[in-house]
Amino acid sequence: MSSERHLHPVAMLIGAVSTLRRWIGGLVLPGIVLLMSQGFSLRTVVLFLLAVIVVAMLAALWGFLSWRATTYVVTGNSFRLNRGVFQKSERTIPLDHVQSVDTVQGVIQRAFGVYEVRIETAGGGASEPDASLSALDRAAAQSLRREIEGSQRERVEDSEGRKVLRRLSTGDLLIAGATSGQIGVAFSLLAVGSQFFDNFLSDDFVRRLIETLAPNWLMLLLIFVPVGLLLAWFLAIAGTVLAYTDFTLSREGDFLYIKRGLLERREATIPLSRIQAIRVTEGLLRQPFGLAAVRVESAGYGEDAGVSTMLFPLLPHDEVQEFLAAATPEFAVNPALQKLPRRALRRYVFRAVVGYLILALVAAVAWFVVFGSVLGLLAFILVPPSALYGWLSYRDSGWAFEEDRLVVRYRSLGRKTAIAPRRRLQSREVARSPFQRRVRLATFVAEVASGSGGSGLRVTDLDAGAAETLAGNLGPHGASA
Amino acid sequence: MKGEPAERLDPRAIKVWRITGLLNLLPLLVGAGVAGWALMRYGDYSLFVAVLPMLAVLVLGGMIVGVAPGLRWRRWRYEIRPDEIDLQRGILWIERTLVPLARIQHVDTRQGPLQRRFGLSTVVFYTAAGPNQIPELSTPIAAEVRDRIAELTGEQDEL
């Protein structure tokens, strides 16, 4: 078991491709300059092809060398990875520091039926880098996984097999994409893309195109905005499909497994013991249909996932309790929430409106000064919706402490419900501003560990006395006191 | 939540905060001086206008150096209970933080150059959600607090 092993030979190809990808940036510019300066004569084309071939061969050679130099082995209590063609590096990871062994299948790996294995370590983040093996065949990946995870004894005894808890159907996948609320992101992506496009086409051409398509700016707005939105919407759906196709959540003993992805199949492991909090999000577009997404916040999981990981992207809100009871029983509670006192409403509406109010005022005054018209007053149109948003935030906010779990509901665009058991809370804080003190309100925050630094469960403007009682009850002997 | 935490910071904290406030103010003071000079030299404003920036900085400085440290010291309280650390701080925004000892991962004391002159130290303790601190304790007390936190942390039954 303690012999050094090589990766699957496909690793050569993967290494070569990634090297090529790195070099191509440096090649493109000289290539273009060459083509531009010489024109498309036969000589330059041949020269260019020759260069491409040489580079490809070098990359292939590099791929082979780095494959030969890369070996891994599990010995005793640690995993060791040797790498480096010229500069040798040896990385040792103690097995009990291993947080999870994930497999990912990129496009190349899928074509050859091999897996990328990523070994994530706990609590390290950036300071304790993870190891990644770019290609292992199925058997090697499984045996490596067994060797590493086998050292965590509880797993072996608890091998009733993986049970699939929930799988995302194709219909739900599309709904998830359509309601993902990523339109904003996609829209800004489009904007960046169109700028890029602008640079490519000549200004003159664009102007003529626009002039023939839409003679005046209103027309332009009427055409471009809906088309842009539609494109952004499709982009958002495509993004969701890419990431969440065949999203499958399964559980075996104290571990959750997530498999997902269209082109790149990802598999992730979440140990139940590392989950700090659950957040159920009912997005703006999803709440009317009674749909929600569930995320987990886990401590120091991998380098990016420290913040939060999607546990399931779309399910009916009615089924969330049942789902949590099966997946993460520690977090399955659904208590009646304590609402905020009536006097908090004013503060909620004020907070939602004040920014827009100032902005609208500035806009109106500026418009009047510059154009001499009162059209700027139109900016105030934004004020009633934001007041409505403030009212909604007030109405949705609430908290409960039941069965030793803290539940907090709030609105930040979508309605969110966060759940954390008392024993996961790192600290509690009650803060009171001068304005809050005048009306006996306070802000309560309970911190849970999540990735780098903490993440809070926050209730804004609850009764000051209630906040203090809550902070006290959530203490070490809270259940009895 | 029980009443206010019992312990206070070392009274010398006020002096340290005054000095740090003053040091932080220096660039602003210089900036205001330059602005005043520029107003007179290039803007043809009278001396009364030119001293306005300096005046504003001085008022701000009076708040930061004169008033705030005392208020801050009076508000700052802490208490190490057998199972929790209780902190209270803030001049306008009053914050009260409770950290269970069972969650504390490690404790440090640290001392800046200014603190060393006054014989003060800061106790910093870390949970998985980040650091918290008790600033400006006299160095022997800080060491005592640090050791007590470490000792109590070890005694906690995980719950």
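Two exercises on a predicted model follow, each with a worked solution. Residues count from 1 along each chain as its sequence is written, and chains are lettered from A in the order written. Local features need pLDDT of at least 70, side-chain atom pairs count only at pLDDT 80 or more, and totals for chains, interfaces and linings use all residues.

**Exercise 1. The nonpolar cores**

Find which strand of chain A gives the most to the largest nonpolar core.

Solution.
- Start with the term: a nonpolar core is a set of buried Ala, Val, Leu, Ile, Met, Phe, Trp, Tyr and Cys residues joined through C-beta atoms within 7 Å.
- Buried means 20 or more other C-beta atoms within 10 Å; exposed means 12 or fewer; partly exposed lies in between, with C-beta atoms placed from the backbone.
- The largest core holds 84 residues. Among those touching the most other members are A:Leu406, A:Ala420 and A:Phe444.
- Strand E20 (residues 441-449) of chain A gives the most, with seven residues. Strands (E, at least two residues) and helices (H or I, at least four) are DSSP runs numbered from the N terminus.
- A separate second core has 22 residues, including A:Ile14 and A:Tyr72.

**Exercise 2. Two positive phi angles**

Decide whether A:Arg440 and A:Asp461 are buried or partly exposed.

Solution.
- Most residues other than glycine have a negative phi.
- A:Arg440 has a positive phi of about 55°. A:Arg440 sits in the loop between helix H13 (434-438) and E20 of chain A.
- A:Arg440 is partly exposed, because it has 14 C-beta neighbours inside 10 Å.
- A:Asp461 has a positive phi near 60° and lies in strand E21 (residues 454-463) of chain A.
- A:Asp461 has 24 such neighbours inside 10 Å, so it counts as buried.
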